[in-house]
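Biologist: Please take a close look at one part of this model, a buried arginine and the sheet beside which it is discussed, and tell me what surrounds that side chain.

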Amino acid sequence: MYKRQHLRQGILQDEDRLAVHVFTGLLPREWLLNRDSILLPFGQVEARADQLRGLFGDRIFMRPDSSRKIFSGCVFDIGDIGHEVSAQRQIHNLFGDELVALDRARNIAPFEYRFWIAEGRVITHAAYALEDMEDAPPCPSAIALLAEQVARQVEYTLPMVVADFVLDETGSPRLVEVNGFSTAGFYPGTDFNALAKALDGLIY
C-alpha cells in the first residue's frame, strides 16, 4: 500500500503539492531561503509597491507560486516594478489571478546543490555553478545535513522530489525550492545508477 501510494503520486510533477505555499508550509521557516515571502495575485503586484518596499526594501524577488514555472524567478528594483510586471505579462501571457510569491532579494553563494529525494532519503546530489565561473566545490556538509532533514520531513507528503539548496549571505544552508522528478534538470556529478536503482524500487 505504501509503495502504491508513491506510484500513484508518480514520477511526474504533482503540481498542487509542489506549489510554494504547500512545501514552505511543511518545513520550518529557518530552513527556507525565501522565508519571509508573501503571496499576491499577479494583478495586484504593481499596486502594492509601497507595501512591498516596506516589507522587503528596494530589491524584490518574485516567482510563481505554481510549480509549473510559468516564468523564471526574477529580481528587480522596486522602482522598476511597473516595467517588470508589464514584461512578465507580455512575455509569459500572465493573467492577474496567477499567484506569485514575493520576498526580499537575498545574496547567495554562486553555487547550487541539487538533491534527489525519495521515500525519506537522499538518493544522489550534484553541484552547479550559478555563474560563468569555475566548477562548483563539493557540497558543504551543512547543506548535506539539511537535505537529509528535508527528506525526512517530507517523506509522506512529498515522497519523490528534487530539492535545491544554497548557502545564504551568512553562510547558512537554505532550501531554495522543490520540484518534481521529471521536471528538474540534471547536473554533472549526478549518480544515475543510484537514481535508477531507487526508481526501480518504487516502480516495480
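Modeller: What follows takes the arginine before the sheet. This is a predicted model, in which local features need pLDDT of at least 70 and side-chain atom pairs count only at pLDDT 80 or more, while totals for chains, interfaces and linings use all residues. Residues are numbered from 1 along each chain as its sequence is written, and side-chain values use heavy atoms, with hydrogens and water left out.

Arg-35 sits in the loop between helix H2 (20-23) and strand E1 (38-41), helices (H or I, at least four residues) and strands (E, at least two) being DSSP runs numbered from the N terminus. Arg-35 is buried (under 20% relative accessible area, 1.4 Å probe, protein chains only), yet has no salt bridge (a side-chain nitrogen of Lys or Arg within 4 Å of a carboxyl oxygen of Asp or Glu); the nearest side chain of opposite charge, that of Asp-168, is 4.1 Å away. Polar atoms of the Arg-35 side chain do lie 3.1 Å from the backbone oxygen of Leu-32 and 3.1 Å from that of Leu-33. Beyond neighbours within four places in sequence, Arg-35 is in contact (heavy atoms within 4.5 Å) with Arg-29, Asp-103, Arg-106, Asp-168 and Arg-174.

Arg-174 belongs to E8, where it stands opposite Val-166; six bridges join E8 to strand E7 (residues 160-167), and the two run antiparallel. Both strands belong to an open four-stranded sheet with the order E6-E5-E7-E8 and antiparallel pairing (at least two DSSP bridges between two strands), whose edge strands are E6 (121-129) and E8 (173-179).

Technical notes: Buried < 20%, exposed > 50% of the residue type's maximum accessible area, 1.4 Å probe, protein only. Lys, Arg positive; Asp, Glu negative; His and termini not counted. Polar contact = N/O pair within 3.5 Å; in protein donor to acceptor, adjacent residues only side chain to side chain.
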